[in-house]
Amino acid sequence: MKKMKKEGYSLVELLIAIAVSSIVMLAVIGLLGYGSQSMKMTQAKVALQEQAKDALNHISTYVQESSEAKWDDTKFTDCKFLVLVKKGVKNDGDAKATETLNMADVYYYWYMDSAKTVYFASRKTLLEEQGAADPDNDKTTVVLLKNDKKHMLVEDVDDFKGEVVENEDTKNETLHITMKLKDDVSEYNCERDINMRNQ
């Protein structure tokens, strides 16, 4: 009776198989890691885009209803202000209706560089919260509210700028807003031109 010859893998073949398997596994793990990191960055960027869109929509709503916009980044080193004025209308009987600042709604957006956050409040809200504050001293009052979360509009803001641009032909003003949002994973830049309807 013939004996069956048992054949197995040699040590060299086993080492080659292990080396090839290791290379394939490392490639698969690398692809999974890259895919996971890519997904994390994409999700972070989408979250920043949503925050920016919501903030710009909020600003657009108030700017469009305003008759005047002012950008101020010179008075306070850590704070930049966007001041919006929506003038009220005073009707004196038969006299022509006139706009008056005394009946105006005034709104503030302020960017705190140290907090990386944009806040929002109306003058009416500030007066209600702070008592009979001096309207000419609103900006000082606003700065005191820098840690007040209920006035927070958007965080993770790396930069926030506004510029009021006048159209040479129509003399109407447009507000140009640029915003940069940045977190630990991603960043997003956006800008928008907003027309004031009540000029």
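Select Ser 122 first: apart from neighbours within four places in sequence, Ser 122 is in contact (heavy atoms within 4.5 Å) with Val 106 and Tyr 107. The model is a predicted one, in which local features need pLDDT of at least 70 and side-chain atom pairs count only at pLDDT 80 or more, while totals for chains, interfaces and linings use all residues. Residues are numbered from 1 along each chain as its sequence is written, and side-chain values use heavy atoms, with hydrogens and water left out.

**Stop 1: Ser 122 and strand E4**

Keep Ser 122 selected and display its strand, E4, which covers residues 117–122. Helices (H or I, at least four residues) and strands (E, at least two) are DSSP runs, numbered from the N terminus. A C-alpha to C-alpha distance drawn from Ser 122 to Tyr 107 reads 4.2 Å, although 15 residues separate the two in sequence. Ser 122 has a relative accessibility of 12% and therefore counts as buried. Buried means under 20% relative accessible area, exposed over 50%, and partly exposed in between (1.4 Å probe, protein chains only).

Now extend the selection to the whole of E4. Six of its six residues are buried, so E4 is largely enclosed by the rest of the structure. In a regular strand the side chains alternate between the two faces of the sheet. In E4, Thr 117, Tyr 119 and Ala 121 point one way, and Val 118, Phe 120 and Ser 122 point the other way.

Add E5 (152–155) to the view. E4 and E5 pair in the antiparallel sense over three bridges; two strands pair if DSSP finds at least two bridges between them. At Thr 117, the bridge partner in E5 is Glu 155.

**Stop 2: the aromatic rings**

Next, show the rings of Phe, Tyr and Trp (for Trp, the six-membered ring); they pair if their centres lie within 6.5 Å, and planes under 30 degrees apart count as stacked, over 60 as edge-to-face and the rest as tilted. The count by this rule is seven aromatic pairs. One of them is Tyr 107 with Phe 120, a stacked pair at 6.1 Å centre to centre with 10° between the planes. This pair links distant parts of the chain, with Tyr 107 in strand E3 (residues 98–112) and Phe 120 in strand E4, 13 residues apart. Tyr 107 is buried at 16% relative accessibility, and Phe 120 is buried at 15%.

Move to Trp 110 and Tyr 119, whose ring centres are 5.6 Å apart and whose planes stand at 20°, so this pair is stacked as well. Both Trp 110 and Tyr 119 are buried. To finish this stop, select Tyr 62, Tyr 107, Tyr 109 and Phe 120 together, which form one aromatic cluster.

**Stop 3: Cys 79**

Select Cys 79 in strand E2 (residues 79–90). Its relative accessible area is 2%, and Cys 79 is thus buried. The C-alpha atoms of Cys 79 and Asp 113 are 6.3 Å apart, with the two positions 34 residues apart in sequence numbering.

**Stop 4: two loop residues with positive phi**

Which loop holds Asp 156? Asp 156 lies between strand E5 and strand E6 (157–166). Its phi is positive, about 60°, although Asp 156 is not a glycine. Asp 156 is partly exposed, at a relative accessible area of 29%.

Then select Lys 171, in the loop between E6 and strand E7 (173–182). Lys 171 also is a residue other than glycine with a positive phi, near 65°.

**Stop 5: the sheet E6-E7-E8**

Display the three strands that form an open sheet in the order E6-E7-E8, with antiparallel pairing. E6 and strand E8 (187–195) stand at the edges, each with a single partner strand, so one side of each has no neighbour in the sheet. From one strand to the next the twist averages 10°. Strands of a sheet pair through backbone hydrogen bonds, either parallel or antiparallel. Nine bridges join E7 to E8, and Lys 180 has Asn 189 in E8 as its bridge partner.

Select His 176 in E7. Its side chain makes a polar contact of 3.3 Å with that of Glu 191. A polar contact is a pair of N or O atoms within 3.5 Å; within protein, one must be able to donate a hydrogen and the other to accept it, and residues adjacent in sequence count only if both atoms are side-chain atoms. Beyond residues up to four places away in sequence, His 176 touches Lys 161, Gly 162, Glu 163, Glu 191, Arg 192 and Asp 193.

Finally, add helix H1 (residues 11–64), which lies across E6, E7 and E8 and runs at about 15° to E8. Axes are lines fitted to C-alpha atoms, for helices over the stretch in contact, and angles run from 0 to 180 degrees between N-to-C directions.
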